[in-house]
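Visitor: I'd like a quick tour of this one before I head back to the bench. Could you pull it up?

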Amino acid sequence: VGDALNLARVQAALPGSALTPATAQALLAYAAGRGRSWLLAHREERLLPAQASLFASLLERAASGEPLAYLLGEREFCGLRLSVSPDVLIPRPETEGLVEAVVAWLETRNLPSPRLVDVGAGSGAIALALAVRCPRAQVTAVEISRPALEIAALNVARHGAGGRVGLIQGSLLDSLSGPFDVIAANLPYINREELSALEVGRWEPCVALDGGLDGLDLVRDLLSQAPRRLAQPGLLVLEIGFDQGQRVAALCREAFPAARVALLPDLARLDRMVRVETS
Ligand SMILES: C[S@@+](CC[C@H](N)C(=O)[O-])C[C@H]1O[C@@H](n2cnc3c(N)ncnc32)[C@H](O)[C@@H]1O
């Protein structure tokens with residue numbers, strides 16, 4: 001174990017290596033089937049050959065920049081352990097704010113059986129977190145990518161939420177008539193030109209990131225469908241790029257002229273969500 005950690009330290013120090021000591025520890029813990037604290041207390045322990053070679057191959061992949069969540073096949077979101085693969089976006093901590101915004105709104109409404117839809121469900125992170133946090137809710141998760149939907153199905157089964165999260169393959173709200181009390185969406189919103197230069201585009205699926213020329217293609221399409229599917233009162237929450245707040249708020253006001261539209265910042269005070277509330 002000590003030798004493996006030393007090897008990782010050497011690899012992390014190589015020029016251009018994307019490896020960090022924390023990542024190396026997580027990978028070694030995974031390869032050894034132990035917790036990280038065990039590693040530090042058992043530096044003299046001998047790894048099995050299969051564990052050592054798994055660790056070496058994971059280390060190499062991490063050094064080339066492959067995200068830890070893909071290497072481990074897992075990521076935590078809103079306290080839920082979710083399976084992930086390169087077919088889905090790795091759920092981000094920022095997106096937990098979107099779940100919080102929906103939960104806060106539902107608490108003010110006290111609906112007996114709220115109908116929620118997560119558009120562009122990916123791993124199912126938002127849909128599942130909402131199902132867990134809002135036990136009376138019926139959640140529909142729509143996703144265009146079949147491989148992503150399979151990961152979402154795995155996660156729904158993993159958390160025993162099959163009875164309350166319905167999975168649908170489709171584009172946006174095309175196949176759904178609603179009405180929904182809540183429409184939540186973290187759609188692709190990176191503009192295509194920027195995407196080609198971003199590290200994230202090297203690993204995560206293009207269909208989860210590419211928002212077209214100005215990043216807002218999917219947002220515009222969703223806003224063209226949402227007014228006919230959102231209940232009154234209802235809530236629409238969209239995750240957005242930090243520099244898209246004013247543009248998306250204007251699109252929302254156009255689509256919902258009578259609604260209250262607000263931009264919600266993240267912890268770094270960057271615009272992260274648009275919230276549209278109809279009454
Ligand atoms: C930014 S990812 C968000 C994934 C997940 N909701 C999350 O927050 O981690 C966007 C997701 O939208 C899906 N998507 C892209 N275009 C879509 C469309 N037209 N209809 C439905 N889903 C779409 C992608 O496949 C991807 O899973």
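Visitor: By class, how many nonpolar, polar and charged residues does the shell around the ligand have?

Guide: One heads-up: this is a predicted model, where local features need pLDDT of at least 70, side-chain atom pairs count only at pLDDT 80 or more, and totals for chains, interfaces and linings use all residues. Residues are numbered from 1 along each chain as its sequence is written, and side-chain values use heavy atoms, with hydrogens and water left out. Ala, Val, Leu, Ile, Met, Phe, Trp, Tyr, Cys and Pro count as nonpolar, Asp, Glu, Lys and Arg as charged, and the others, Gly among them, as polar. On that basis the shell has eleven nonpolar, six polar and one charged.

Visitor: Which residue has a polar side-chain atom 3.0 Å from a nitrogen atom of the ligand?

Guide: There are 18 residues around the ligand (a heavy atom within 4 Å). G120, E143, S171, L172 and N186 come nearest. A backbone N or O atom of G120 is 2.8 Å from a ligand nitrogen, but the side-chain atom at 3.0 Å belongs to S171.

Visitor: And which residue's side chain makes a polar contact with the side chain of R275?

Guide: R275 lies in strand β9, residues 271-278 (strands are DSSP runs of E, at least two residues, numbered from the N terminus). A polar contact is a pair of N or O atoms within 3.5 Å; within protein, one must be able to donate a hydrogen and the other to accept it, and residues adjacent in sequence count only if both atoms are side-chain atoms. At 3.1 Å, the partner of R275 is E277.

Notes:
Helix = DSSP H or I, 4+ residues; strand = E, 2+ residues; numbered from the N terminus.
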